[in-house]
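I opened the model to look up how its strands pair and how its nonpolar core is made up. My entries follow in the order in which I checked them.

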Amino acid sequence: MQSSAYRYLGRVSIWWSGLPRWSRDRMRWLRSMPNARRGCSDADGLNIKESGSVHTITYLTNISFGLGASDSLAEILRELGVSRPLVISDHGIKSAGLLKRPGFAFLNTAPVFLDVPTNPTESAVAAGLKVYREGGCDGVVAIGGGSPIDLAKGVALLATHDGELERYAAILGGLARITSAVAPLVAIPTTAGTGSEVGRAALITLDDGRKLGFISPYLIPRRAICDPALTMGLPPALTASTGLDALSHCIETYLSPRYNPPAEAIATDGFKRIWKALPVAYADGANAEARTELMMGALEGGMTFQKGLGAVHALSHALGGLKEAKLHHGTLNAILMPTVLRWNLQVEAVAEKVGYLESLAGLEQTALADALDGLNQRLGITPRLSELGVPRHVIDWVCERALADHSHPTNPRSLTKEDYAAILETVF
Ligand SMILES: [Zn+2]
């Protein structure tokens, strides 16, 4: 298959370009009013105030997609003017031999940082930044799953922005402090899951234990290189958990109440591809077509983040911050998805949308939530949090964190702390 390059337009203001000049000036004035600012998308669920019928819809990044796309890395770095990149990856990727691919041979002399924790931390960002500075780097190449890519976003940010990482956290007003000066970042995913390669957010745990979102359009990697060949060797369990994470992105963003039809079209397309390809890739990891479809579905899931996620991610972000157990983000989402879906079905608009997803999945007699239970079972996902080592005494803490999470406001049904506790009890 040929690899193809996509460029998603830039900022789309659908109501804007056709307006006469006086009208545009008036719109500018309206947008400068406090409540009209930041329509609804840039902050990914943070400080969101819907502003009447005006919505900001943004598709920003360049994507090289297809088998063999990673061979173009050297050329892409040249285009970006990066001559001394820091490579951020992890030990697993290195031992899988992925860094030895011919297309990466020119990186032999580049500084490399591999000590990336499962959930990226502030201290790992500092350690990566030290290597960046000592190596005289002028850009970052992230090769790996969501963790190396999120960590790379933190390093690219602090390489050019002064002060502690904390001041750039979205809930502490970081969105306004992150500028276009962020060092150029090229993201090359080796799993089909997180969508971080096209996302504007990085989740990083601070030294004091708070897991915070760092969100800015400038944190979207300058280029995403999506090469399904890099996912061929992914073991079935990781294929399942990352693929189910991607599936949950498509479902949650589609069901989010925020207005964004382009994102909904992308989310449903991603859902359809993942639904079909995931069981195939799980059974036969070397199936290039299934790997390609899965990677496209995951990419599409990432492209819809601006519509906002929901309760599944609010809970999985909180559970991911537990010290008591190291939990895989995708596995958590897979466990939570059917129960949250049943919960959200009480909302009429959700029931209608779920009906559409059921038709896309070819489900005639089975409800989507039940089919998701069945899929989890086929893919070897445990249905219970307790089996992953989650202790019961953390439920209260997890519910508090879920309420404060940036994905909470865009769940289609409003949830209280007690509702979150009831959902957790169901899957405990
Ligand atoms: Zn996710």
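I took two strands as paired if DSSP finds at least two bridges between them, with helices (H or I, at least four residues) and strands (E, at least two) being DSSP runs numbered from the N terminus. This is a predicted model, in which local features need pLDDT of at least 70 and side-chain atom pairs count only at pLDDT 80 or more, while totals for chains, interfaces and linings use all residues. Residues are numbered from 1 along each chain as its sequence is written.

I looked up strand β9 (residues 201-205) and found it antiparallel to β10, with five bridges joining them; A201 stands opposite I215 in β10. Five residues lie between the strands of this hairpin, where G209 takes a positive phi near 100°.

I next checked burial, calling a residue buried if 20 or more other C-beta atoms, placed from the backbone, lie within 10 Å of its own. Four of the five residues of strand β10 (residues 211-215) are buried, so this strand is largely enclosed by the rest of the structure.

I then traced the largest nonpolar core (a set of buried Ala, Val, Leu, Ile, Met, Phe, Trp, Tyr and Cys residues joined through C-beta atoms within 7 Å). It has 119 residues, and those touching the most other members include A142 and F214. Helix α7 (residues 261-283) gives the largest share of this core, ten residues. Domain 2 (62-230) and domain 3 (234-426), with bounds from an automatic or database domain assignment, both contribute residues, so the core lies between them.

Definitions and conventions: Buried ≥ 20, exposed ≤ 12 C-beta atoms within 10 Å, placed from the backbone.
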